[in-house]
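Me: I'm new to this one and would like to zoom in on a single part. Could you pick a spot, look at it closely, and then show me what sits around it?

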Amino acid sequence: MDGPTPPGALPAQLGRILEPLERPLPDRLKLYNASNFFDHRAVPPEDIPALAELARPFSAVTVEAHANMIGQPVLEFADLIPGRLEVAIGLETIHPTAAQHLNKRMDLTRFDRAAEFLAEHDIALRVFVLLGAPYVDPKESVEWTVRTAEYAARRGAAAIALIPVRGGNGELERLAALGHFAAPSLPQLEVAAKWPLGFAPAAVAADLWDVDRLDACADCGPRRVERLRRMNLTGCGEPPVSCSDCDP
Ligand SMILES: [Zn+2]
């Protein structure tokens with residue numbers, strides 16, 4: 001959309017999606033709007049009560065927000081829903097150069113303040129962490145993903161999603177040509193997802209959306225993805241997949 005979301009559009013859309021779903025409904029409702037639930041241009045404030053009403057059957061509700069938008073409106077929404085509110089924040093990376101390029105409006109102090117505010121008000125925190133962020137040396141990619149996940153876990157994140165950066169919008173291809181970006185691989189995701197298993201109580205999951213686009217061995221790739229999928233669900237580590245084609 002070129003302008004602000006028209007009032008009424010989001011409740012109508014959510015209602016249409018929820019209505020035909022089989023009962024019982026899942027426990028958690030995630031409302032991701034590709035920007036910020038508490039931005040009035042993205043989510044008209046007059047729609048908030050109707051969205052809260054639609055969220056009523058769920059015991060947990062997740063919305064996405066920028067760290068600099070965490071404040072009173074979050075508390076007001078939390079009060080409107082019977083379930084527990086979780087706010088998802090894109091920390092992305094704590095690598096200083098990469099963070100500056102990726103998210104100029106977010107600095108770590110803002111993230112820390114947001115995490116503290118949520119914890120004080122018993123609102124859960126979910127954090128998005130990137131694997132293969134532009135401007136991070138590909139050799140250090142996994143290390144920075146793990147450091148960023150550790151950072152989030154120490155500040156009380158209940159859930160951390162490791163998201164491999166995917167190209168396709170032209171901008172990453174431009175950065176790759178300049179040597180600032182190398183697409184992450186499936187083996188890198190496996191290593192990153194293995195390390196943070198010890199970050200309890202934070203649950204760490206590898207984001208497997210479009211995982212087939214990651215560079216992987218044709219023979220064992222699907223088995224590696226299935227292993228990650230199981231680990232996401234159980235939170236338990238599993239022995240690595242072995243493969244005569246790609247094991248050293
Ligand atoms: Zn293989």
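Reply: Let's start with the metal site, and with one word: a donor is an N, O or S atom within 2.8 Å of the metal (3.2 Å for Na, K and Ca), and water is not among the atoms, so sites may look incomplete. Here the metal is a zinc ion, and its donors are the SG atoms of Cys217, Cys220, Cys243 and Cys246, at 2.2 to 2.3 Å.

Before going on, keep in mind that this is a predicted model, where local features need pLDDT of at least 70 and side-chain atom pairs need 80 or more, while totals for chains, interfaces and linings use all residues. Numbering runs from 1 along each chain as its sequence is written, and side-chain values use heavy atoms, with hydrogens and water left out.

Back to the zinc ion. Along the chain its donor residues follow the spacing C-x2-C-x22-C-x2-C. The arrangement is tetrahedral because the four donor atoms subtend angles of 95 to 120° around the zinc ion (four donors earn that name if all angles lie between 85 and 135 degrees).

How much of the site is covered up? Take two of the cysteines, using relative accessible area (buried is under 20%, exposed over 50%, partly exposed in between, with a 1.4 Å probe and protein chains only). Cys220 has a value of 0%, so this residue is buried. Cys217 comes out at 22% and therefore counts as partly exposed.

Now for the surroundings. Helices (H or I, at least four residues) and strands (E, at least two) are DSSP runs, numbered from the N terminus. Helix H9 covers residues 221-234 and helix H8 covers residues 186-194. Their axes come within 11 Å and cross at roughly 25° (axes are lines fitted to C-alpha atoms, over the stretch in contact for helices, with angles from 0 to 180 degrees between N-to-C directions). H8 and H9 are therefore roughly parallel to each other, a label for angles under 35 degrees. Their crossing is left-handed (the near helix is turned anticlockwise from the far one by less than a right angle; clockwise would be right-handed). On the H8 side, the contact is made by Leu186, Leu189, Glu190 and Ala193 (contact means heavy atoms within 4.5 Å). H9 brings Gly221, Arg224, Val225, Arg227, Leu228 and Met231 to that contact.

H8 deserves a longer look. Leu186, Gln188, Leu189, Glu190, Ala192 and Ala193 in this helix are buried. The buried residues of H8 pack against H9, and also against H6 and the strands S4 (124-131), S5 (159-164) and S6 (203-206).

Take H6 next. H6 and H8 pack at about 35°, with axes 9 Å apart, and this crossing is right-handed. From H6 come Ser141, Val142, Thr145 and Val146, which meet Gln188, Val191 and Ala192 of H8. Ser141 belongs to H6, a helix that spans residues 141-154. Its relative accessible area is 5%, so Ser141 is buried. Not counting residues up to four places away in sequence, Ser141 touches Leu131, Gly132, Val136 and Gln188. That puts Gln188 on two of our lists: a buried residue of H8 and a contact of Ser141.

Then there's strand S5, which holds Ile163. This residue is buried, with a relative accessible area of 17%. If you leave aside neighbours within four places in sequence, Ile163 is in contact with Phe128, Val129, Leu130, Leu131 and Asp207. Leu131 is also among the residues that Ser141 touches. The chain links Ile163 to another spot too: Trp209 is 46 residues apart from Ile163 in sequence, yet their C-alpha atoms are 8.5 Å apart in space.

Finally, follow the chain to the loop between S6 and H9, where you'll find Asp210. Its phi is near 60°, a positive value in a residue other than glycine. Asp210 is partly exposed, since its relative accessible area is 36%. Glu92, in strand S3 (residues 84-92), has a positive phi as well, near 65°. At 22% relative accessible area, Glu92 is partly exposed.

Definitions and conventions. Four donors count as tetrahedral if all angles lie between 85 and 135 degrees; four count as square planar and six as octahedral if opposite donors are over 155 degrees apart and all others between 65 and 115; anything else is irregular. Angles under 35 degrees count as roughly parallel, over 145 as roughly antiparallel, 65 to 115 as roughly perpendicular and the rest as oblique.
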